[in-house]
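Biologist: I should like to learn how the features of a protein model are read. Please begin with the strands and proceed from there.

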Amino acid sequence: MRVITNRRLVEFALLYTDAGTPLQAWRKLMESRSYRGFNDLKMSLGSVDIVGDKHVFDIRGNRYRIVCGISYATQLCFIKAVLTHSQYDEGKWK
């Protein structure tokens, strides 16, 4: 799976320095293989849920969230937002 774009992760990590390592670990895990569907993804990365048409990943013990659009057919993961838990709860990302 290809993650588009790492720039969002890097920019977020500049604001929240403790997020850098877990965000890059998530990206490397996402890019390490292909996923056939949500169940396959969930087995590999247990901290993912579907909210509407988006996939939401918990990062660093649920302190941060990554909101993505995923196309399993093309193996592309589009990062829509990287948020703190409180920013996510505000719901502006929807």
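Modeller: Two strands pair if DSSP finds at least two bridges between them. Helices (H or I, at least four residues) and strands (E, at least two) are DSSP runs, numbered from the N terminus. In this case, strand 3 (residues 54-59) and strand 4 are joined by five bridges in the antiparallel sense. This is a predicted model, in which local features need pLDDT of at least 70 and side-chain atom pairs count only at pLDDT 80 or more, while totals for chains, interfaces and linings use all residues. Residues are numbered from 1 along each chain as its sequence is written, and side-chain values use heavy atoms, with hydrogens and water left out.

Biologist: What order do the five strands take in the open sheet?

Modeller: Strands of a sheet pair through backbone hydrogen bonds, either parallel or antiparallel. Here the order is 1-5-4-3-2, and the pairing is mixed. Strand 1 (2-4) and strand 2 (48-51) are at the edges with a single partner strand each, so one side of each has no neighbour in the sheet. From one strand to the next, the twist averages 35°.

Biologist: How many bridges join strand 4 to strand 5?

Modeller: There are eight, and these two strands run antiparallel. Within this pairing, Ile66 stands opposite Val82 in strand 5. The two strands form a hairpin with four residues between them, and Gln75 in the turn has a positive phi of about 60°. The hairpin of strand 3 and strand 4 also has four residues between the strands; there Arg60 takes a positive phi near 55°. In that strand pair, Ile59 has Tyr64 of strand 4 as its bridge partner.

Biologist: How is burial read, and which residues of helix 1 are buried?

Modeller: Buried means under 20% relative accessible area, exposed over 50%, and partly exposed in between (1.4 Å probe, protein chains only). In helix 1 (residues 6-15), Leu9, Phe12 and Ala13 are buried. They cover an arc of only 100° around the axis, taken from the directions from the helix axis to the C-beta atoms, which puts them on the same side of helix 1. Arg7, Leu14 and Leu15, on the other side, are exposed.

Biologist: What covers the buried residues of helix 1?

Modeller: Contact means heavy atoms within 4.5 Å. The cover includes helix 2 (20-31), strand 4 (64-71), strand 5 (76-84) and helix 4 (85-90). Strand 4 is itself mostly covered, with seven of its eight residues buried.

Biologist: How are aromatic pairs recognised, and how many are there by this rule?

Modeller: Rings of Phe, Tyr and Trp (its six-membered ring) pair if their centres lie within 6.5 Å; planes under 30 degrees apart count as stacked, over 60 as edge-to-face and the rest as tilted. The count here is five aromatic pairs. One of them is the tilted pair of Tyr16 and Tyr64, at 5.8 Å centre to centre and with 55° between the planes. Tyr16 is in the loop between helix 1 and helix 2 and Tyr64 in strand 4, so the pair ties together parts that are 48 residues apart in sequence. Tyr16 is partly exposed at 27% relative accessibility, whereas Tyr64 is buried at 4%. Phe12, Tyr16 and Tyr64 form one aromatic cluster.

Biologist: Where does Arg65 lie with respect to Tyr88?

Modeller: A charge sits over a ring if NZ of Lys or CZ of Arg is within 6 Å of the ring centre and within 35 degrees of the ring normal. Arg65 lies over the face of Tyr88, at 4.3 Å from the ring centre.

Definitions and conventions: Axes fitted to C-alpha atoms, helices over the stretch in contact; angles between N-to-C directions.
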